[in-house]
Amino acid sequence: MAADAIAPPCSDDWADDYLKAAPKGDLFADASPDMAAHWRTMLGRLSAQAQADPARLADHVGRQASDLGMAFRLTGDEQERPWPLGPVPLLIGAEEWTHIEQGLTQRAELLERVIADIYSTQSLVRDGKLPASIVTGSPHYWRVMTGTPPPRGHHLHFYAADIGRGPAGEWRVLADRVRTPVGVGYALENRLALSRATGDLLGAMHARRLAPFFADLRRGLAADCARADPRIGLLTPGRFNQSYAEQAHLARYLGLLLVEGDDLIVSDGRLFIRTIQGLKRIDGLWRWMDSRFLDPLAFDSKSRIGVPDLYDACARGGLMVGNWPGAGVIESRAFAAFLPQLAKAVLGQDLILPNIATWWCGQTREREHVRARLDNLVVGSAFDQDVAGLPDAHFTPGASLDAAQRDTLLAAMARRPMDYVGQEVVKLSTTPAVIDGRIAPLPFTLRVFVARDGAGQWRVMPGAFGRLAGHGDIRAALMGQADMSADMCVIDAKPVPPDTLLGSGTPAIRRVGGMLPAKAADNLFWLGRYIERTEMTLRLIRAIAGGSIEADLGPSLDSPAMARLVGLLVQWGAVSGSGAAIGPLCATALGDARQPGSVRALMAVVANIGEGLRDRLASDFWRLVRLPLPSFDGAVTETLLDASSRMIERISALSGLAAENMGRTDGWRFHDMGRRMERAANGCRLISLFGGDDASADDLTVLLDLMDSQISYRTRYLTGPALPPVRDLLALEPYNPRAIAYQALRLAEHVAALPTLRADGMPEEPRRLADALVARLAPLTGDMLTLADIADAESRLLGLSDAIGQRYFLQLHKTENADLLS
Amino acid sequence: MIYHVRHRTILRYAAPVQVARFNLRLKPAPWPGQWTSDHALSVNPAPSVIESRPAAWPVQVSRLVIEGSIRELVIESSFRAGVQGGAITAQPDDPDIGTVAQAALVDRGMGPSAPANYLYASPRAPLLADIGTWAGETLSPDQPIVAAALALALRIQSEFAYQPGVTDAGTPVADAFAARHGVCQDFAHVMVVALRLAGLPAAYVSGYLRTDPPPGMPRLVGADAMHAWVMLWCGPTRGWIGFDPTNGCITGDGHLFVAMGRDYAEVAPMDGLFIGGTGQSLSVMVDVAPEEEEVA
């Protein structure tokens, strides 16, 4: 096997086996001799890499996908699912691709002009080229946008289409998408995972690179903004959206701010983002939410994720929104029926890429056609709405209906024909995929993406999101239950020029990461607090389970120290009462999700807050947070100790990531302030519980251990723990990173370094309070410190935390909708 | 008839509103056969912003912003309006429902009151199959349009119980339909849905009724607040005709048009964001007086 490692054999077994069984029209079997050679090379290389075991290849690629943090949700999923990436890319030659590119470019231009017409002069409707009832039937038609043109007249910045290839090799458009380009980020990640998994394979095959497309898209968004170096946000519906992970990835990749509605505010017809430096102008939005949610005062008054008066900012001009609100009007299936005639009317051309044949039943002749040929057609909702008589969601083959269903459907169609379309049954060709450990053909569709570049010209992404049908309706959501995704590579005859980005000029060098939205600051702060609280909870559990109390003490619930430890767990909501025996008690505090303060629950909060910071946290962070709790058995103390220790190590790893990998930005400061704040507050609590005037040696030992200062103490003092030196070390020593005074100094440094809103040089409230806390502790020594001093420090910390929240974070108010009865 | 209309709304909050950004739809939109003058809007506390907004439908929208602690908000809208007399009735040459439905599908209008806008389901008026079944023969395609719609309005009036308080502005049409009760808003929604299910363009209208009836006539139901009824497009010749399912009649010179949209949400007299406020309570007072009476 050693020789294999040097020169992997290019076995043709996979290719030959596959071709024996490939159906007519298969992408590989049908390929030109040149392309077939590429397929053979690729399959040979993949086979060699996987030692001829397709399952091994699938595992390998799947692992790369999961390492990238790729995941998705189906509607209704609470947890994200692992990303199903097939290991075999689809290959399409340059010539075939050129045809698709031309077709998509033509279509994007056509749709742009049709949308512009619908929202301005409406000449297409007036001239009878397009029925008014096709426009008004769309739930994405927003009449209020009429006469409100976008900057430079660009309603569309991106356009996506689902295309399918028939058995004769002909490509058809199955659906047009302009509301959100869902899938474009996944296409990028698929490529990343595949190229990581396959080394130089893609380069060797001359696969076209995707990066230039995204650079063009970015420039296209920027070009329509009013300012030269614009601030652009990616507007997300939030972390519960199915494609949130994709949105976060794209924001990061393109250098856009990932924003939710409540990050933004419209003032005087201009859009701003709330940051820790006050309101900052936003020049453009790449929106990933439907128009109806954008502005509760102009569109759907029930929306809670939009920005009040965003409509005004659009109408006033000077704000780029891609795609422009209302663009979705062209997405309906019924609309597709009119594109061939619109292409003639608007462009004077035939469609290069035909539609799937569609008959809208709102027209008399088409209605009769659908009625007469019902068994040979697929019947669906014309506007993607619930309609009468279609038992299965929105699309049903006529032949699958029984007699009663058929009668019901025909009766419903007679009453409201405009709600229905008939479409031809699509036959899709296949491509090689790994199924159950074998290479076998699967039908596929591609989602392809088009964007405007800086000059406003259309660019087609040289690749696609490939979807391999498990079963079910391939035209439905991006990914269905049993579907797989695959990368698609456009193969050039010649090597791809190494870097096509060079022409665009080098960006200006910068050293800071831009401004920090108020909500991100809020989340980072609380992320820090929750991580620190988790660590302290773990230390309490470890102390209770016997880790800290010196050997001769042994774990016992009877000692006063133990009762106070358990009391703290109760107070923090990690356990509900102190009645249980030590084992079950610790097991509850570790793993009971119903206890809001248990380690499991706290880690879930950490993951949840982290989710809202997805564009700011490294994937290593995710891996650590997502690891399951170590296993333990409440009856075996060693397992509890072991689990707590391993979790503490994990928290240390998170601290290490923050310390070594986070840039020293304001974001890092908020995260660190959260840690410091929580640690200082916990320190006050612990000293008042275990460091009182009558503290025993046991108490002080527990205290030193909980505050992780056992070693420091022993290196300074040869005697056992005594009250004044312990208090000094834990409360006042500025060199002990666990001491309260140390946290106070770091907090004061952080608030001093944060931006100020005052132009008069006066300190803001957080700075005043932090400095006062430092000054309060500085002159004290361990022998003069009283518990009253500790209580005072604790209340000052609380005040500081509130002041930080008031000054820097979003003040989210409860809002109430007023509806008046008629 | 010429009317003086006064409409006062008082909102009280247990915890004060910090910022209010909201829309008012209280000024009558232009409508054939009706004129409006001397519209005045008074709001207390005084808004920092008050602007008129473009609207998708025959609706006049005012946008207001009020900043500062609000415990009580008083909104008073008043105007003069004239409505042309002359009762509308079914005619022997009225088109049938099937003909009107087909005419609506091919109509090329795209304006705010173009029939195509009102053909489809809208968020507050989903096309519930049960309502279609219930309306059934009343709206069969061969029925003459005006007579059939009046028959439907009369059926709602007789089969549904008018019960203020059992529904509110947020009650889904399905609930009101299932219980066969509600107020004008619910009845108008049911009628809109039934008409659209028959393929007809139907709109939701908000407006006012004269408070006291002409001598010898019964007082209409719904006159003590804003009222709601239905507009039905009856073909290119007859155009839009109002039907009041609460009172089982075709609207006449006692009905003052304010706004028309696809459903309640698009003509709601008030909607928006009231940040910080809780414990809202509401009182409404409407007075619609014929001008002659004031002189007398």
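In which sense, left-handed or right-handed, does α18(A) pass α21(A)? The legends below refer to a predicted model, and the first of them takes up this crossing.

**Figure 1. Packing of helices α18 and α21 of chain A.** The crossing of α18(A) past α21(A) is left-handed. Helix α18 spans residues 518-544 of chain A and helix α21 spans residues 599-611 of chain A; their axes come within 9 Å and cross at roughly 160 degrees. Because angles over 145 degrees count as roughly antiparallel, α18(A) is described as roughly antiparallel to α21(A). From α18(A), the contact draws on N523(A), W526(A), L527(A), Y530(A), I531(A), R533(A), T534(A), T537(A) and L538(A). From α21(A), it draws on V599(A), L602(A), M603(A), V605(A), V606(A), I609(A) and G610(A). By residue class, this contact comprises 11 nonpolar, four polar and one charged.

**Figure 2. Surroundings of G612(A) in the loop between α21 and α22 of chain A.** The helix on the far end of this loop, α22, covers residues 619-626 of chain A. G612(A) has 23 other C-beta atoms within 10 Å and is therefore classed as buried. Leaving aside residues up to four places away in sequence, G612(A) touches R239(A) and N523(A). N523(A) also belongs to the contact made by α18(A) with α21(A). I435(A) lies 177 residues from G612(A) along the chain, and 35 Å separate the C-alpha atoms of these two residues.

**Figure 3. The five-stranded open sheet of chain B.** The strand order is β10-β9-β8-β7-β11 (chain B), and the pairing is antiparallel. At the edges stand β10 (249-250) and β11 (255-261) of chain B, each of which pairs on one side only. Within the sheet, four bridges join β8(B) to β9 (residues 240-244) of chain B in the antiparallel sense. One bridge places M231(B) opposite its partner G242(B) in β9(B).

**Figure 4. Helices packed on the sheet of chain B.** Helix α5(B) touches β7 (202-209), β8 and β9 of chain B, and its direction makes about 15 degrees with that of β8(B). Helix α3 (residues 145-159) of chain B lies across β8, β9 and β10 of chain B and runs at about 20 degrees to β9(B).

**Figure 5. The contact between chain A and chain B.** Chain B contributes 52 residues and chain A contributes 32 residues. On the side of chain B that touches chain A, elements that each supply at least two residues include α1 (97-106), α5 (184-197) and β8 (227-233) of chain B. β1 (2-24), β12 (270-275) and β13 (278-290) of chain B likewise each supply at least two. The residues on this side of chain B are 32 nonpolar, 15 polar and five charged.

Terms used
Residues numbered from 1 in each chain as written. Chains lettered and ligands numbered in written order. Predicted model: local features only at pLDDT ≥ 70, side-chain atom pairs only at ≥ 80, totals over all residues. Contact = placed C-beta atoms within 7 Å. Nonpolar A, V, L, I, M, F, W, Y, C, P; charged D, E, K, R; others polar. Pairing = 2+ DSSP bridges. Axes fitted to C-alpha atoms, helices over the stretch in contact; angles between N-to-C directions. Parallel < 35°, antiparallel > 145°, perpendicular 65-115°, else oblique. Left-handed = near helix turned anticlockwise from the far one by under 90°. Buried ≥ 20, exposed ≤ 12 C-beta atoms within 10 Å, placed from the backbone.
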